[in-house]
Amino acid sequence: MANIRGISIFALLVMSAACLVAVKGDVVELTDSTFTDKVKEKDTLWFIKFFAPWCGHCKRLAPTWEELGKALEGEDGVEVATVDCTTNKATCGKADIRSYPTLKLFLNGEEYKKYSGPRDLESLKAYALEGAAEVAKAGTNPDEAAL
């Protein structure tokens, strides 16, 4: 009987944890159910990679994106995230994702800017930090900040 209870409690804990926002390393995995609330966090700039697991370009970018999450850990006002568009179609539709990977900044629940530069760690990190600095300088008003 103790084993059955132990397994049931363990299963309940696993299911409960699955309902929370997943964090892989220092990259937050957003879903249809978590995206809107997370990107509306006040004074937080979200750098998000919208991807498909089967996409070759996405696969090549994945290690760099994980490094970016680690590199920006502890930076005030900047979060790094991913959205799997094969399982979170509503979010990707609302974000107007038409190709993979698509990299975008979000601020206060709204798309702030689409990234189209080089996909190396230093370029991605500089872009995120410049975006955060612009937002801080403008007082987090996306209409006043220009990247």
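# Close-up views of the predicted model

**View A. Asp 96 is partly exposed, with 42% relative accessible area.** Here, buried stands for under 20% relative accessible area, exposed for over 50%, and partly exposed for anything in between, using a 1.4 Å probe and protein chains only. Welcome to a predicted model, in which local features need pLDDT of at least 70 and side-chain atom pairs count only at pLDDT 80 or more, while totals for chains, interfaces and linings use all residues. Residues are numbered from 1 along each chain as its sequence is written, and side-chain values use heavy atoms, with hydrogens and water left out. Asp 96 sits in the loop between H4 and S5; helices (H or I, at least four residues) and strands (E, at least two) are DSSP runs numbered from the N terminus. The backbone of Asp 96 has a positive phi, near 60°, in a residue other than glycine. The side chain of Asp 96 joins that of Arg 98 in a salt bridge at 2.9 Å, N to O. A salt bridge here requires a side-chain nitrogen of Lys or Arg within 4 Å of a carboxyl oxygen of Asp or Glu. Arg 98 is exposed, at 71% relative accessible area.

**View B. A cis peptide bond links Tyr 100 to Pro 101.** If you check the torsions, omega is about -15° at this bond. Pro 101 belongs to the loop between helix H4 (89-94) and S5.

**View C. Asp 43 and Thr 44 both lie in the loop between H2 and S3.** Helix H2 covers 35-39, and strand S3 covers 45-51. Asp 43 has a positive phi of about 60°, although it is not a glycine, and this residue is partly exposed at 40%. Thr 44, by contrast, is buried, with a relative accessible area of 10%. Beyond its neighbours within four places in sequence, Thr 44 is in contact (heavy atoms within 4.5 Å) with Gly 77, Glu 79, Phe 106, Leu 107 and Asn 108.

**View D. Charged side chains pair up around residues 38 to 43.** Lys 38 bridges to Glu 41, with the closest N and O atoms 2.7 Å apart. Lys 38 is partly exposed at 23%, and Glu 41 is partly exposed at 28%. Lys 42 meets Asp 43 in another salt bridge, at 3.9 Å from N to O. Lys 42 counts as exposed, at 62% relative accessibility. The structure has four salt bridges.

**View E. The largest nonpolar core holds 19 residues.** A core of this kind is a set of buried Ala, Val, Leu, Ile, Met, Phe, Trp, Tyr and Cys residues joined through side-chain atoms within 4.5 Å. Which members touch the most others? They are Leu 45, Phe 47, Trp 65, Leu 68, Leu 103 and Leu 124. Two or more residues come from each of S3, helix H3 (56-71), strand S4 (78-84), strand S5 (102-107), strand S6 (110-115) and helix H5 (121-137). H5 contributes the most, with five residues. Another core, of 14 residues, lies apart from this one and has Trp 46, Ile 48, Cys 92 and Ile 97 among its members. To follow a single member of the largest core, try Leu 45. Setting aside residues up to four places away in sequence, the partners of Leu 45 include Val 78, Leu 105, Tyr 112, Ala 128 and Val 135.

**View F. H3 and H5 pack at an angle of about 45°, with their axes 10 Å apart.** This makes H3 oblique to H5, because angles under 35 degrees count as roughly parallel, over 145 as roughly antiparallel, 65 to 115 as roughly perpendicular, and the rest as oblique. The axes are lines fitted to C-alpha atoms, for helices over the stretch in contact, and angles run from 0 to 180 degrees between N-to-C directions. The contact involves Leu 61, Thr 64, Trp 65, Glu 67, Leu 68 and Ala 71 of H3, together with Leu 121, Leu 124 and Lys 125 of H5.

**View G. Thr 64 of helix H3 is shown with its partners.** Thr 64 is buried, at 17% relative accessibility. Leaving out residues up to four places away in sequence, Thr 64 touches Arg 119, Asp 120, Leu 121 and Leu 124. Thr 64 and Asp 120 are 56 residues apart in sequence, yet their C-alpha atoms are 6.9 Å apart in space.
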